[in-house]
Amino acid sequence: MRKLLPAFALALFSFCAVSTAWADELPFNLTGHARVNYGHQDWQLPEFRDGFEFESFKLGVSGDTDKFSYKAEYRWYENVDFNTVRFADLTYHYDERTDITAGITQTPFGLQPFASNNFWFSVNYYLGFEDDYDAGIKINHQRGDWDFQAAYFMNDEYNDAAKFSRYSFDVADDGEYRNQEDGQYNLRANYSASFIRGATTDIGVSYQYGNILNLDTLDDGDMNAYAVHLRHTQGNVKVELQYIDYEYDLAVPEGQADDRIALSAFTFPFLAAADGETYSANFVYSVPYQFDHIESVTCYSEFSAAKGQEASGKRSSQWINGCSFGWSKLFVYVDSIQGKNMWFSGGPGVGLDLDGREETTHRLNINLGIYF
């Protein structure tokens, strides 16, 4: 299979390069990417430590008609061999200040649209609190410097907790810890102001409440989460801060631990603390220097951590330093990732003491993508 990847990647890059020649003639907007990835993981055995591979292919469509707009995105991941919807929603523009969106759409929680700027996201993504999409309806209302969002989600994007091939991290049925999202409410408020001349500061709070159905007892538990978040942008500098407190009250079978919950995405389930907190801090700098060909150079240092609040809790952390830049249709991320007790960084889960790897691990990740 690896011998076929260069030819496959070349074909997709060629498709992306010529797509814009005819995309303007379509009755909708067509977007997408084809990406390749190099990774060095110091915790792996030598034969698996380094790898260059075709990572993913994406197609997106969007458009508008009268008072409606729509968008959808589907992805194919070659490196983990699955395909999935990311979002697919329809928006009704009620008036200049109010939108109503239905479908598989982003949950309004925390810093939006992302709580990070690197390719690897923050610990919040792996807990389902960043770039998360579920099936439901939400209302967005703007009044002056305020932005309000309210939403109800019937279930996750597939309504199948045993389906691990998904983009968003959701509550999972891993065969032992068997729970499923069964209705969720979200509220979010953000205030945007200019406290300093030439700067913009966004201050917000978010709240989330949901029913969690246990598939063994068929009883409902629930979850609560709240977040406070800030984004300050001044010239070429951006600072982002966020704190999240969350708790799952699970209706587990007698004798089963209720201090942990299974989550899944990208084909893998794992365990996370059922009662915990996260915090993150980002410093982002947009390089003002004008290069001949390279544009939009952004460098960042982003730290995030999660810790369970029960006796089984243990801190999981991720510190990412890197830069991203664009060059015509090429966009590149170069990230140095240090993780400890962290899923996808050699650890066994998130926020729990699961007797996994104790030392800090390092991953070098270079992602190159052609975007159209």
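**Two buried polar residues and a pocket lining**

With a relative accessibility of 5%, E55 counts as buried in this predicted model. The residue is placed in strand β2, which spans residues 50-65. Its side chain forms a polar contact of 3.4 Å with the side chain of N367. When residues up to four places away in sequence are left aside, E55 touches R35, V36, N37, W76, Y77, E78, N79, F119 and N367. N367 thus appears both as a polar partner of the E55 side chain and among the residues that E55 touches.

N140 is located in strand β6, residues 133-143. Its relative accessibility is 18%, and because buried means under 20%, N140 is also assigned to the buried class. Two side-chain polar contacts were identified for N140: one of 3.3 Å to the side chain of D147 and one of 3.4 Å to the side chain of Q149. Beyond four places in sequence, N140 touches D147, F148 and Q149, together with R97, T98 and D99.

N140 also takes part in the lining of a pocket. The second largest pocket has a volume of about 460 Å³. It is lined by 23 residues, of which Q106, Q112, K138, N140 and Q149 are the closest to its centre. At least two lining residues come from each of the strands β4 (82-93), β5 (98-106), β6, β7 (146-156), β9 (179-193) and β11 (220-234). By residue class, the lining comprises nine polar, eight charged and six nonpolar residues. Q149, a polar partner of the N140 side chain, is likewise one of the residues closest to the centre of this pocket.

Note on methods
Residues numbered from 1 in each chain as written. Predicted model: local features only at pLDDT ≥ 70, side-chain atom pairs only at ≥ 80, totals over all residues. Heavy atoms only, no water. Helix = DSSP H or I, 4+ residues; strand = E, 2+ residues; numbered from the N terminus. Buried < 20%, exposed > 50% of the residue type's maximum accessible area, 1.4 Å probe, protein only. Polar contact = N/O pair within 3.5 Å; in protein donor to acceptor, adjacent residues only side chain to side chain. Contact = heavy atoms within 4.5 Å. 1 Å grid on protein atoms, 1.4 Å probe; cavity = no way out; pocket = protein on both sides within 12 Å on 5 of 7 lines; lining within 4 Å. Points joined across faces, edges and corners; volume = space filled by probe spheres on them. Nonpolar A, V, L, I, M, F, W, Y, C, P; charged D, E, K, R; others polar.
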